[in-house]
Amino acid sequence: MGLSRVRRHAITEGPTPADTAGTPALPYPSGWSALAFSEELRPGTVLTRPLAGRDVVLYRLGTGAVRAVDPYCPHLGAHLGLAKVEGDDLVCPFHLFAFGPDGACVRTGYDTPPPRSPLTRLPVHEVNGAVFVWRHHDGRAPDWFVPEWHEIGHRPARSAAWEFAGNVQEVIENSVDLGHFATLHGWSKAEMGGPVVYGDSAFHVSMRAHESAPLLGDFVVNVEVDGYGLGCLHADVYTARIGLRMCTMVMPTAIAPNRMQFRQRNRIAFDEPSALPAPLARAASRAAARLLDRAVFRSSCEFTAADFPVWHHKEYRQPPRLTHGDGPIGPFRHWARRFYPPPPEAEAAGSGTARTAHGERAAGAGAPLGAEAPSGSGPSPGSGTPSGAGPVLRPSVGR
């Protein structure tokens, strides 16, 4: 048969995505993971989102409170992602069993006494415009929370989300990977503003970036980063040359081995010009934010998205072969171990005592399972999608 008559198929080429390459995946980390933006969960809305290899069903009550539950009805296993919210009750689509705000079954679809078969509720915490769900490898209740942060400016936040391969630790680790800011993101120089401060569940790092741009010349960007577990970063960015302030939330969520969803939320504000009278200065500041909000958000997303192809294809290396100029990656990885299950030998040595990945005695549990997080509680620490990345959750970054 001549070659001209052979059907041609595209050959496989290019880097293999991390979730299909067969490389070992990190365990799912314990802690809070963002599964939705607050505006996605309007009253009566039911959402199904993946977390650590399983579905989680989210819904908002008429009171405004959010619930997160195991996806399968305790009656006969129907998926509650197909359920409806009636008032404050979640109604299963199969036999119309209804479950109240506390998860208890309050009625059946055929007017018989409801069974004592409550929903399995998951701890949920809505803060900073995001909905977080708690998962711990040993079933422990939440013993820390993502705090409520200040809000800047007067414009609503802008949000975007993507899905691709990779592990969430490396997203959070990027905040101390000093070297990549120059090589990947184009900062001419980046330097730490001091040592990284680590707490039980949080860390803080200060950075200064030196940049250059047409019309502006050389200028400095100051960045203050707070990380909470391995699922949330909050960055305060200030560029004094143009008076721009930006708050950015970065929230990676492990959804399957070597695969994640990635959410970003931004707000901006501009300083009020000191040379103008107060009313005019306020108007000028708000006008600048209104005119540049979309462009700044798009630029912020493009900055973040430069990492996506790397995460999508890379292999987690432990131990890494570090060199001068990398930044304090080693200490960060030592701290991050506490969010993973202990290795089997450490677990056996614990003799029944719950321990962290360091072998430390586990901290006492906080709120009971399913409890709502207190508002504002938390620790006090010292655009584009890559090829083959899967569907974009929010393809538009111009919201």
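This passage looks at the salt bridges, one buried strand residue and the largest cavity of a predicted model.

Salt bridges come first. The count reaches 19 in this model, and three of the pairs show how parts of the chain that lie far apart in sequence are tied together. Arg 265 and Glu 39 meet through their side chains, with 3.0 Å from N to O. Arg 265 sits in strand β19 (residues 259-270), while Glu 39 belongs to the loop between β1 (31-37) and β2 (46-51), so the pair links distant parts of the chain, 226 residues apart. The two partners don't share the same surroundings: Arg 265 has a relative accessible area of 13% and is therefore buried, whereas Glu 39, at 23%, is partly exposed.Much the same kind of description fits Asp 293 and Arg 155, whose closest N and O atoms are 3.1 Å apart in a salt bridge. This pair, too, links distant parts of the chain: Asp 293 lies in helix α3 (residues 278-305) and Arg 155 in the loop between β11 (130-135) and β12, with their positions 138 residues apart in sequence. Asp 293 is buried, at a relative accessible area of 6%, and Arg 155 is partly exposed, at 27%.

The pair of Glu 191 and Arg 208 joins two strands. Their side chains form a salt bridge at 3.1 Å, N to O, with Glu 191 in β13 (residues 189-192) and Arg 208 in β15 (residues 202-213), 17 residues apart. Glu 191 counts as partly exposed because its relative accessible area is 22%, and Arg 208 is also partly exposed, with a value of 31%. Beyond these pairs, Asp 19, Glu 163 and Arg 259 are linked in a network of salt bridges.

Strand β12 (residues 158-165) also holds Phe 164. With 0% relative accessibility, Phe 164 counts as buried. In sequence, Phe 164 is 146 residues away from Ala 18, yet their C-alpha atoms are 9.1 Å apart in space.

Then there is the largest cavity, which encloses about 70 Å³ of space. Its lining is made up of 15 residues, and those closest to the centre are Leu 26, Pro 27, Asn 167, Val 168 and Ala 254. Helix α1 (168-173) and strand β18 (244-256) each supply at least two residues of this lining. Sorted by class, the lining has ten nonpolar residues, four polar ones and one charged residue.

Terms used: Residues are numbered from 1 along each chain as its sequence is written. This is a predicted model: local features need pLDDT of at least 70, side-chain atom pairs count only at pLDDT 80 or more; totals for chains, interfaces and linings use all residues. Side-chain values use heavy atoms; hydrogens and water are left out. Helices (H or I, at least four residues) and strands (E, at least two) are DSSP runs, numbered from the N terminus. Buried means under 20% relative accessible area, exposed over 50%, partly exposed in between (1.4 Å probe, protein chains only). On a 1 Å grid over the protein atoms alone, a cavity is a set of points where a 1.4 Å probe fits but cannot get out, and a pocket is an open set with protein on both sides within 12 Å along at least five of seven lines; lining residues have an atom within 4 Å of a point. Grid points are joined across faces, edges and corners, and a volume is the space filled by probe spheres set on the points. Ala, Val, Leu, Ile, Met, Phe, Trp, Tyr, Cys and Pro count as nonpolar, Asp, Glu, Lys and Arg as charged, and the others, Gly among them, as polar. A salt bridge is a side-chain nitrogen of Lys or Arg within 4 Å of a carboxyl oxygen of Asp or Glu.
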